[in-house]
Amino acid sequence: MQATANLPAIWNLSLCGSSSKVHIVNPRHRKSHALHCLRSEGHEEFDNSQDNLGLSSITKEAKHKDIWNLFREAQKNILMLNKQRLAAVEKLEKLKTEKDELLERINQLEAESQIVIKKADKSSLFWELLLRIDSMVINGLINIEEASSLRKLVKEHEANISEFPLDVLQQGDAEILAELRLFTNKGKRNGLHVIHICTEMAPLVSVGPLASYITGLSSALQGEGYMVEVILPKYSTLDLDEIEGLREIEADAYSYFNGQLHANRIWNGVVSGIGVTLIQPVYYSSMFSRDKVYGYQDDFDRFAYFSRASLDYIAKSGKQPDVLHIHNWQTAIVGPLFWDVFVNQGLEGTRILLTCQDFDKGLVPPEKLELCGLDPAELHRLDRLQDNINPHFVNILKGGVVYSNKVVIMSSSHSSIPGLEPTLAIHKDKLFFAPFGVDNSMEKGFCCDLHVSAYTSIKNL
């Protein structure tokens, strides 16, 4: 113990491994201890370098594997995209083919529809021009003589009327007049000019068979080369959506009634290719603003007003129709009015045709005739309007028969009009008989031919 205690003590601060310790080293063991430390440190460094080499190799291998995985994934994506691209191209080509086929079909349908449209436009344009000429006369832009010439020009040009510039129709009457005066002389219409003065027309207003008869006959006659137009009251119940190009003439047209002149509003348009004029009383506005067309105590007053206003409009507009076609008792008063008042107002060449479908006679006291400007003393006679059975009344339908140039009786069971046999016997040379119904093409053709014969015989009178 003492010897050991006498040995010099050496304090050795050494860092071995990862921890710091203080050792008291015996000189005898110092050398071996140093060698041991060196060996430990060298071995540890060697082991670390071997570990690092192993890790680096594993990392490189992992990275290499990841790169190949990404490459393979990219290849798969490229292949998939190529397939999608090819499918899209194929679909695009198919759509392009379908589009081309569709465009070809559309062009074909448009070409076919243009044929129908041109026919409709041609008829509408024809009537638009004629009705605008009416407006020019009423507004004082042209006189009756020039209006007559222009109407004749338009009628003669119907075959090539589509050459008239459509954009001009959107302008005023003065611009249309200037264009009409430049219109060339081509294609002529040889048919007669017929004006229906009536109380119904399909599809505007329909109560009985008269409505479809007016539209059907007018269309058929226009197909034969006739120019046919219709004048109607402007009922409040009219289906105005059926009228193409409806417009009001911006001038009042006056007509005589009950001792005074009364203003009317005049409307023009086209229905089923037929020119239509509507007359709307201003002062007597309630006459045609009712729920029904017929069935009122003042029906004679209403339709006498309309009949007189129609004739006043025709005369003022300078129209010179070949035939005024009137219907049933409601407009039969046109016959006496025409020959007693209007024939010398530029209508010397016009004739009257009466069609009877309804055998109601329209019996009224003689003094009622004064309302529209007729002389009761002249007409309340047995050979004129005096009723054959009730001599204290005038028979409006009888007046139509007496004062018409021709009479068409539409009946399936009657050969004449009950109560008017003596009158019909006197005027038998005027009579044409037609079937009441026109349900098939044969009857329609017969009816059209019959009216053509009636119009032609009237023209030759």
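Helix H6 (residues 299-317) comprises 19 residues and reaches 27 Å from its first C-alpha to its last, close to the 27 Å expected at 1.5 Å a residue, where the expected span is 1.5 Å times one less than the number of residues and where helices (H or I, at least four residues) and strands (E, at least two) are DSSP runs numbered from the N terminus. Of the 19 residues of H6, 18 are buried, so the helix is largely enclosed by the rest of the structure; buried denotes under 20% relative accessible area, exposed over 50%, and partly exposed the range in between (1.4 Å probe, protein chains only). Just after H6, Gly 318 adopts a positive phi of about 80 degrees. The model is predicted, with local features requiring pLDDT of at least 70 and side-chain atom pairs counted only at pLDDT 80 or more, whereas totals for chains, interfaces and linings use all residues. Residues are numbered from 1 along each chain as its sequence is written, and side-chain values use heavy atoms, with hydrogens and water left out.

The secondary structure of the chain amounts to twelve helices and 14 strands, and buried residues make up 43% of its 461 residues. Among the contacts (heavy atoms within 4.5 Å) with a separation of 6 or more, 70% are between residues 24 or more positions apart. The chain exposes about 25100 Å², of which carbon and sulfur atoms supply 54%, accessible areas being obtained by the Shrake-Rupley method with a 1.4 Å probe and, for residues, with only the protein chains shown counted as cover.

Strand S4 (residues 227-233) is likewise described by its burial: seven of its seven residues are buried, so the strand is largely enclosed by the rest of the structure. In a regular strand the side chains alternate between the two faces of the sheet. Both faces of S4 are covered, with Met 227, Glu 229, Ile 231 and Pro 233 buried on one side and Val 228, Val 230 and Leu 232 buried on the other. Strand S3 (residues 193-197) runs parallel to S4 and is joined to it by five bridges, pairing of two strands requiring that DSSP find at least two bridges between them; Val 194 stands opposite Val 228 in S4.

Across the whole structure, 13 salt bridges are found, each defined as a side-chain nitrogen of Lys or Arg within 4 Å of a carboxyl oxygen of Asp or Glu. The side chains of Asp 173 and Arg 132 meet in one such bridge, at 2.8 Å from N to O. This pair links distant parts of the chain, since Asp 173 lies in helix H4 (residues 173-182) and Arg 132 in helix H2, 41 residues apart. Arg 132 is buried, with a relative accessible area of 4%, and Asp 173 is also buried, at 15%. Leaving aside neighbours within four places in sequence, the contacts of Arg 132 include Leu 169, Gln 171 and Arg 247.

Helix H2 (residues 27-138) also holds Lys 96 and Asp 100, which are four residues apart and therefore separated by about one helical turn. Their salt bridge has its closest N and O atoms 3.6 Å apart, and both partners are partly exposed, Lys 96 at 48% relative accessible area and Asp 100 at 39%. A further network of salt bridges links Asp 134, Arg 151, Glu 229 and Lys 319.
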